[in-house]
Amino acid sequence: MSIQQISLSGRKMQVSNKEMSFLERIYVWTILKGLWTTLKHLFKRKVTIKYPEEVREMSKVARLQHMLMRDDQGRERCTACGLCALSCPAEAITMKAAERKPEEKNLYREEKYAEIYEINMLRCIFCGLCEEACPKEAIYLTTSKKIVASGYKRESFIYGKDKLVMPLDMAIKNTQSNTIQ
Amino acid sequence: MKVTIDGQSVEVEPGTTILQAARMIGGDLVPPAMCYYSKLKGSGGKCRCCLVEVAKGSDADPRPMPKLMASCVTGCMDGMEVNSKNSERVTEARKSVTEFLLINHPLDCPVCDQAGECNLQDLSFEHGKSETRFIEEKRTFEPENIGDKIQLHMNRCILCQRCTTLADQLTDKRVHGVLNRGDHAQISTCVSAAIDNEFSGNMIDVCPVGALTDKTFRFKSRVWFNKPFNAHRDCDKCCGKTTVWMFGNEIQRVTGRKDQYGEVEEFICNTCRFDKKEVSDWTIEGPKVFNKDSVINQNNYKRPLEKVIIETEKNILLGRDEDRVKISMSGVPLKNSNK
């Protein structure tokens with residue numbers, strides 16, 4: 001087989017310069033055939049949606065933006081052990097630990113907490129290894145249900161604790177639903 | 001004298017213990033040791049981690065020893081045959097010892113500064129079970145302040161008594177001891193006076209767990225994010241040979257140089273350990289060599305790294321200057337940074 005005849009896609013066809021018949025030459029029939037295809041698609045189910053007004057339903061286990069969890073009493077679970085940063089294959093996570101003061105006992109669960117916790121969303125590949133590595137069940141990619149927003153500046157993709165920590169109203173809701181059970 | 005451990009023979013001097021003989025051979029058969037410390041006289045015999053099976057007492061008396069022996073305090077005899085790694089009994093016993101040690105040890109490795117270079121972590125990784133059978137409450141102590149250089153976490157202590165042995169050996173007057181008995185036993189500065197001896201900082205290096213940690217390094221970084229370098233300086237009190245643990249250009253911690261069994265080669269003074277945290281204080285010899293699978297070796301490179309020069313058009317690399325600016329954690333500026 002010569003190189004000209006090899007078709008990787010399997011759809012290679014030989015062009016023929018066959019002479020057209022009368023019906024083909026007036027083009028009306030072919031145009032009608034094409035319009036019929038268009039008309040058929042008008043009544044089919046649409047494959048597109050009107051994003052951002054409409055949002056497609058996500059899988060329950062879709063890994064999206066990270067969330068630093070709070071426990072039942074609203075305290076931050078993260079203790080800045082660094083295992084997420086260690087496990088991160090993209091090296092997207094950085095953190096700085098600090099010691100909890102006695103008056104902050106209702107804010108942080110352990111005696112050490114993350115003073116600064118940053119994830120570079122440009123580096124993150126959403127593999128979920130940080131979630132697996134976390135010994136304190138502090139980081140989850142499945143709870144926030146938010147897609148990381150696009151932006152114009154590199155700086156805007158570095159998410160600090162202001163964007164990552166679970167919002168208080170969500171924590172309150174969690175606590176209530178847990179106590180009712 | 002000839003001793004055979006796990007089928008491997010070694011010639012030793014009279015008075016050598018089984019553990020020392022095993023370390024002469026090296027490799028997998030070396031029993032783990034939590035309380036024995038070769039640089040401390042009279043240490044050992046407390047943790048029972050180093051149990052071995054003596055299959056043949058000696059040439060003169062070939063009967064096996066009926067019970068497992070603590071290898072760090074049992075002397076070698078001529079013609080002795082010892083089973084360490086090979087013996088099922090030993091593995092089982094070490095597993096039980098590990099379980100006992102972990103009964104009162106809190107599971108706060110994510111908080112503990114020792115995590116990553118902790119002997120108990122290594123021991124339980126090799127010999128421990130992943131679940132606990134202990135349902136009672138762990139013993140706890142009131143937090144106690146023993147000075148501004150050393151942090152004491154009594155809850156984490158496994159009572160190996162290395163630190164008190166060190167205090168006995170290095171200090172002139174005894175300020176550090178074991179109080180009470182049994183479950184209530186605790187190490188403490190007897191009159192709760194701060195330890196001001198010039199070599200007291202070595203208790204941090206000697207401690208196999210996170211009971212005694214460096215207060216100047218407290219929560220600063222995890223062990224595996226630091227790059228260790230061997231360094232030395234002229235010190236009039238000690239040898240001045242240390243390991244400095246760096247993060248970028250910042251020295252975060254100074255420790256003694258530890259060998260493969262986690263024992264320091266030489267004790268260093270408190271000035272070197274706590275007060276000299278500037279790069280200009282030290283002559284850096286080179287990166288410290290670690291085992292390939294050590295967590296401390298994570299992201300460290302033994303090979304000297306040469307600067308890569310990419311020969312390409314300048315315009316292509318224009319965007320890189322933007323990347324070089326530190327955009328992450330701007331709240332913590334790089335020490336000695338150019339920008």
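Trainee: How many residues does each chain bring to the contact between chain A and chain B?

Mentor: Two residues are in contact if their C-beta atoms, placed from the backbone, lie within 7 Å. Here chain B gives 13 residues and chain A gives 20 residues. On the chain B side, eight are nonpolar, three polar and two charged; Ala, Val, Leu, Ile, Met, Phe, Trp, Tyr, Cys and Pro count as nonpolar, Asp, Glu, Lys and Arg as charged, and the others, Gly among them, as polar. Keep in mind that this is a predicted model: local features need pLDDT of at least 70, side-chain atom pairs count only at pLDDT 80 or more, and totals for chains, interfaces and linings use all residues. Residues are numbered from 1 along each chain as its sequence is written, while chains are lettered from A and ligands numbered from 1 in the order in which they are written.

Trainee: In what order do the four strands of the open sheet in chain B lie?

Mentor: Helices (H or I, at least four residues) and strands (E, at least two) are DSSP runs, numbered from the N terminus, and two strands pair if DSSP finds at least two bridges between them. The order in chain B is 12-11-10-13, with antiparallel pairing. Strand 12 (250-256) and strand 13 (283-287) of chain B are at the edges with a single partner strand each, so one side of each has no neighbour in the sheet.

Trainee: Which residues stand opposite each other along strand 10 of chain B?

Mentor: Strand 10 (residues 227-232) of chain B pairs with strand 11 (residues 241-247) of chain B over six bridges, and P228(B) faces W245(B) there. Four bridges link strand 10 of chain B to strand 13 of chain B, where A231(B) is opposite I284(B).

Trainee: At what angle do helix 2 and helix 3 of chain B pack?

Mentor: Axes are lines fitted to C-alpha atoms, for helices over the stretch in contact, and angles run from 0 to 180 degrees between N-to-C directions. Helix 2 (residues 88-103) and helix 3 (residues 119-127) of chain B pack at about 135°, their axes 9 Å apart. The contact includes R94(B) and L101(B) from helix 2 of chain B, and L120(B) and H127(B) from helix 3 of chain B.

Trainee: Is F199(B) buried, exposed or partly exposed?

Mentor: A residue is buried if 20 or more other C-beta atoms lie within 10 Å of its own, exposed if 12 or fewer, and partly exposed in between. F199(B) has 19 such neighbours, so F199(B) is partly exposed. Beyond its neighbours within four places in sequence, F199(B) contacts L170(B), F267(B), C269(B) and N270(B).
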